[in-house]
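Biologist: I would like to learn how to read a structure step by step, beginning with single residues and ending with a pair of helices. Could we go through one together?

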Amino acid sequence: MIGKAKDVASYMEEISAERRPAIEKLRRLCRRNLKSYEESMEYGMPCYKQDGALVIAFASQKQYIALYVGKKDVVDEFRGALPASSIGKGCIRFTKTEQMDFAVIEQLLDRAVESKSVPC
């Protein structure tokens with residue numbers, strides 16, 4: 001769902017009731033683990049930027065929840081830890097909320113902060 005929300009709070013209100021708990025938990029993890037990052041809306045979805053570069057974003061798409069990670073080395077590192085998802089170069093797709101392993105997602109967010117690689 002690429003929404004027309006002007007801010008993240010408005011975006012969160014647009015999420016369907018069945019996906020809202022997972023998206024809210026994902027946002028809490030981002031806010032807690034990406035403290036020095038700026039939360040904003042970019043491309044119609046919540047994003048977390050550091051020094052103006054988009055590093056993490058998420059969205060409730062029609063068929064899945066997407067977690068976008070702008071550091072390919074971090075995505076590659078966690079590829080095997082998220083077997084229930086479909087993973088592209090920088091997008092991790094969860095077709096069912098129960099597939100979301102939030103402990104692994106939190107580790108991935110921590111690693112994204114630690115990684116010295118430049119965001120894609």
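Biologist: Let me begin with a single residue: where does Asp51 lie?

Modeller: Before I answer, please keep in mind that this is a predicted model. Asp51 lies in the loop that runs between strand 2 and strand 3, and with a relative accessibility of 79% it counts as exposed, because the cut-off for that word is over 50%.

Biologist: What should I look for in the backbone of such a residue?

Modeller: The general idea is that most residues other than glycine have a negative phi. Asp51 departs from this, since its phi is positive, at about 55°, although it is not a glycine. Tyr43 also has a positive phi, near 55°, and it too is a residue other than glycine.

Biologist: Where is Tyr43 found, and is Tyr43 buried or exposed?

Modeller: Tyr43 belongs to the loop between strand 1, residues 38-42, and strand 2, residues 45-50. Its relative accessibility is 64%, and therefore Tyr43 counts as exposed.

Biologist: Now I would like to see a contrast. Is Pro46 buried or exposed?

Modeller: Pro46, which has its place in strand 2, counts as buried, because its relative accessibility is 0%.

Biologist: Which residues does Pro46 touch, if we leave out those up to four places away in sequence?

Modeller: Leaving those out is a way to see what the fold itself brings together. With that restriction, Pro46 touches Val8, Tyr11, Ser40, Met41, Ile56, Ala57 and Phe58. You can also compare separation in sequence with separation in space: Pro46 and Ala9 are 37 residues apart along the chain, and their C-alpha atoms are separated by 9.3 Å.

Biologist: May I try that comparison in another place? How many residues apart in sequence are Gly88 and Lys72?

Modeller: Gly88 and Lys72 are 16 residues apart in sequence, and from C-alpha to C-alpha they are 9.5 Å apart in space. Gly88 sits in the loop between strand 5, residues 86-87, and strand 6, residues 91-94, and beyond four places in sequence it touches Val75, Arg79 and Arg93.

Biologist: What about polar side chains, and what does the side chain of Ser85 reach?

Modeller: The side chain of Ser85 reaches the backbone oxygen of Leu82 at 2.7 Å. Ser85 is found in the loop between helix 3, residues 72-78, and strand 5, and it is buried, with a relative accessible area of 15%. Apart from neighbours within four places in sequence, Ser85 is in contact with Ile92, Arg93 and Phe94.

Biologist: Which side chain is joined to that of Ser60 by a polar contact?

Modeller: The side chain of Ser60 is joined to that of Arg19 by a polar contact of 2.8 Å. Ser60 lies in strand 3, which covers residues 53-60, and it is buried, with a relative accessible area of 5%.

Biologist: Let us turn to the helices. How does one describe two that pack together?

Modeller: Two packed helices are described by the angle between their axes and by the distance between the axes. Here, helix 2, residues 20-33, and helix 4, residues 102-114, have axes that come within 10 Å and cross at roughly 30°. The two helices are therefore roughly parallel to each other, and helix 2 passes helix 4 in a right-handed crossing.

Biologist: Which residues in helix 2 and helix 4 meet?

Modeller: From helix 2 come Ala22, Lys25, Leu26, Leu29, Cys30, Arg32 and Asn33, and these meet Phe102, Ile105, Glu106, Leu109, Asp110 and Val113 in helix 4. The residues of this contact divide into 8 nonpolar, 1 polar and 4 charged.

Biologist: Could we follow one of them more closely, and ask with which residues Leu109 is in contact, leaving aside neighbours within four places in sequence?

Modeller: Leu109, in helix 4, is in contact with Leu29, Cys30, Asn33, Leu34 and Ile56 once those neighbours are left aside. The C-alpha atoms of Leu109 and Cys30 are separated by 7.1 Å, although the two residues are 79 apart along the chain. At 0% relative accessibility, Leu109 counts as buried.

Key: Residues numbered from 1 in each chain as written. Predicted model: local features only at pLDDT ≥ 70, side-chain atom pairs only at ≥ 80, totals over all residues. Heavy atoms only, no water. Axes fitted to C-alpha atoms, helices over the stretch in contact; angles between N-to-C directions. Helix = DSSP H or I, 4+ residues; strand = E, 2+ residues; numbered from the N terminus. Parallel < 35°, antiparallel > 145°, perpendicular 65-115°, else oblique. Left-handed = near helix turned anticlockwise from the far one by under 90°. Contact = heavy atoms within 4.5 Å. Nonpolar A, V, L, I, M, F, W, Y, C, P; charged D, E, K, R; others polar. Buried < 20%, exposed > 50% of the residue type's maximum accessible area, 1.4 Å probe, protein only. Polar contact = N/O pair within 3.5 Å; in protein donor to acceptor, adjacent residues only side chain to side chain.
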